[in-house]
Amino acid sequence: MKRKGKKEMTSTLSESDRELSLLQSEKDPCSLRKLQYHQSVLIQRRLDETGGRERLMNYLRAKLLSCGWNENAKDLCKEAIQSKKGLGNVNLEQVVSDVLVEAKNLIPEEIKAMFLQRLILSIEQDKKTQNILSAPPEDAATSV
């Protein structure tokens, strides 16, 4: 995957900022969904830039390992493969679709809550990401 140069990244962010401003100034529900999606994409991008995403994923992996979730998820995969009569009769996409919902449900609520707290803390500590979320529609509309 080719990395963007600093100049390309700045231009992409300013385009994103303009689009975000336009979405914040609109009031209809469809625009609200677009705004939420857009904010989500910008937060993900910012987490990638700061290394926050990797730190959060390492934390989540460690917590899931410590509670035994990985073994439970493996067992679900084995059951899904056996129900299809072996590896030759199933592909990865089928196994994932068979176990995804149940595997997500096996994640303990405490881990979900702790992960969400860490994500929120990470966003709050990053001023640039905080600005993405907190810019009021009036300010956003005038800054375009």
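**Exercise 1. Describe the order of the secondary-structure elements along the protein chain.**

Solution. Reading from the N terminus, the elements follow one another as α-α-α-α-α-α-α-α, which amounts to eight helices and zero strands. Here helices (H or I, at least four residues) and strands (E, at least two) are DSSP runs, numbered from the N terminus. The model is a predicted one, in which local features need pLDDT of at least 70 and side-chain atom pairs count only at pLDDT 80 or more, while totals for chains, interfaces and linings use all residues. Residues are numbered from 1 along each chain as its sequence is written, and side-chain values use heavy atoms, with hydrogens and water left out.

**Exercise 2. Identify the residues that make up the largest nonpolar core, and state which helix gives the most to this core.**

Solution. A nonpolar core is a set of buried Ala, Val, Leu, Ile, Met, Phe, Trp, Tyr and Cys residues joined through side-chain atoms within 4.5 Å, where buried means under 20% relative accessible area, exposed over 50%, and partly exposed in between (1.4 Å probe, protein chains only). The largest such core has ten residues, namely L60, L64, W69, A73, L76, A80, V99, A103, I107 and I111. Helices α3 (52-67), α4 (69-83) and α5 each supply at least two residues of this core, and α4 gives the most, with four. In the protein chain as a whole, 25% of the 144 residues count as buried.

**Exercise 3. For the salt bridge between K84 and D98, work out which parts of the chain the pair ties together.**

Solution. A salt bridge is a side-chain nitrogen of Lys or Arg within 4 Å of a carboxyl oxygen of Asp or Glu, and by this rule the count comes to five. The side chains of K84 and D98 meet at 3.6 Å, N to O. Because K84 lies in the loop between α4 and α5 whereas D98 belongs to helix α5, the pair ties together parts that are 14 residues apart in sequence. K84 is partly exposed at 31% relative accessibility, and D98 is likewise partly exposed, at 39%.

**Exercise 4. Locate the salt bridge between E49 and R46, and classify each partner as buried or partly exposed.**

Solution. The side chains of E49 and R46 meet at 3.1 Å, N to O. Both residues lie in helix α2 (residues 29-50), three residues apart, about one turn of the helix. With a relative accessible area of 31%, E49 is partly exposed, whereas R46, with 18%, is buried.
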